[in-house]
Amino acid sequence: MGRSCVLINPLLIKTMGVTFWVRRLLAALLLMLPAFAAAQQTYHQTADEAVYREARRLFNERAYAAAAEAFDRFLDRRHRGALAADASFKRALCALHLYQDDGLQQLRTHLREHAGYPGNRWAPYYAGRYF
């Protein structure tokens, strides 16, 4: 019988010793530790993402005034990255949909601050459509 039989047969577990099983357990826990650490998010992150999701939902439902307020709440927290760029663009679109006087200026500010945002290719369309 090879060593694999000792692992399968529960009657022979006593011959392996406690340290063998403790080492196996610790190794398994150490291998799983990065998965647990990466999965955790702070309350601040999840609360901000909830505000962003709510703003997107309102925007998709064409409730532009409420969406603009939600995007403003999200952007007031000084976010950076893809969500901030999308929120800034959608906030400018809300202003355009609502025919606000500063809508075109918001769109220009967004284009200046988030030059690499993929949705910028639609900016001339929206600017021409509303002004």
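**Exercise 1. Placing R91**

In which helix is R91 found? Determine also whether R91 is buried or exposed, and list its contacts beyond the neighbours within four places in sequence.

*Solution.* The structure is a predicted model.

Step 1. R91 is found in helix α5, a helix that spans residues 82-97.

Step 2. The relative accessible area of R91 is 12%. The cut-off for a buried residue is under 20%, so R91 counts as buried.

Step 3. With the neighbours within four places in sequence left aside, R91 is in contact with A68, F71, D72, L75, Q100 and Q106.

**Exercise 2. A second charged residue of α5**

Determine whether K90 is buried or exposed, and state which residues K90 contacts outside its neighbours within four places in sequence.

*Solution.*

Step 1. K90, too, is found in helix α5.

Step 2. At a relative accessible area of 11%, K90 is buried.

Step 3. Its contacts, apart from neighbours within four places in sequence, are R56, F59, F71 and Y117. F71 is thus in contact with K90 and also with R91.

**Exercise 3. Overall architecture**

State how many helices and strands the chain has, and characterise its burial, contacts and exposed surface.

*Solution.*

Step 1. The secondary structure comes to seven helices and zero strands. Read from the N terminus, the order of elements is α-α-α-α-α-α-α.

Step 2. The chain has 131 residues, of which 31% count as buried.

Step 3. Among contacts with a separation of 6 or more, 41% join residues 24 or more positions apart.

Step 4. The chain exposes about 9400 Å², and carbon and sulfur atoms supply 60% of that area.

**Exercise 4. The buried side of α6**

Identify the buried residues of α6, and explain why they line one face of the helix.

*Solution.*

Step 1. Helix α6 covers residues 103-113. Its buried residues are G103, Q106, L107 and H110.

Step 2. Viewed down the axis of α6, these buried residues fall within an arc of 100°, and therefore they line one face of the helix.

Step 3. The spacing follows a general rule: an α-helix has 3.6 residues a turn, so residues three or four places apart point the same way.

Step 4. The cover over the buried residues of α6 includes α5 and α7. Q106 is also one of the contacts of R91, a residue of α5.

**Exercise 5. G103 in detail**

Determine the relative accessible area of G103, its contacts beyond four places in sequence, and its C-alpha separation from A127.

*Solution.*

Step 1. G103 lies in helix α6 and is buried, with a relative accessible area of 0%.

Step 2. Not counting residues up to four places away in sequence, G103 touches A92, A95 and L96.

Step 3. G103 and A127 are 24 residues apart in sequence, and their C-alpha atoms are 8.8 Å apart in space.

**Exercise 6. The two sides of α7**

Which residues of α7 are buried, and which exposed residues does the face turned away from them carry?

*Solution.*

Step 1. In α7, residues 123-130, the buried residues are A123, Y126, A127 and Y130.

Step 2. These residues cover an arc of only 100° around the axis, which puts them on the same side of α7.

Step 3. The face turned away from the buried side carries the exposed residues P124 and G128.

Step 4. The buried residues of α7 pack against α5 and α6.

**Exercise 7. Positive phi angles in loops**

For R62 and Y99, give the phi value and the location, and decide whether each is buried or exposed.

*Solution.*

Step 1. R62 is a residue other than glycine with a positive phi, near 65°. R62 is found in the loop between α3 and α4, and its 66% relative accessibility makes it exposed.

Step 2. Y99, likewise not a glycine, has a positive phi near 55°. Y99 lies in the loop between α5 and α6 and is exposed, with a relative accessible area of 56%.

**Exercise 8. The largest pocket**

Describe the volume, lining and residue classes of the largest pocket.

*Solution.*

Step 1. The volume of the largest pocket is about 280 Å³.

Step 2. Its lining consists of D72, L75, D76, R78, H79, R80, G81, A84, S88, E113 and H114. Helices α4 and α5 each supply at least two of the lining residues.

Step 3. By class, the lining has two nonpolar, four polar and five charged residues.

Step 4. D72 and L75, both part of this lining, are also among the contacts of R91.

Technical notes:
Residues numbered from 1 in each chain as written. Predicted model: local features only at pLDDT ≥ 70, side-chain atom pairs only at ≥ 80, totals over all residues. Heavy atoms only, no water. 1 Å grid on protein atoms, 1.4 Å probe; cavity = no way out; pocket = protein on both sides within 12 Å on 5 of 7 lines; lining within 4 Å. Points joined across faces, edges and corners; volume = space filled by probe spheres on them. Helix = DSSP H or I, 4+ residues; strand = E, 2+ residues; numbered from the N terminus. Nonpolar A, V, L, I, M, F, W, Y, C, P; charged D, E, K, R; others polar. Buried < 20%, exposed > 50% of the residue type's maximum accessible area, 1.4 Å probe, protein only. Contact = heavy atoms within 4.5 Å. Areas by Shrake-Rupley, 256 points an atom, 1.4 Å probe, with all protein chains shown as cover. Arc of directions from axis to C-beta.
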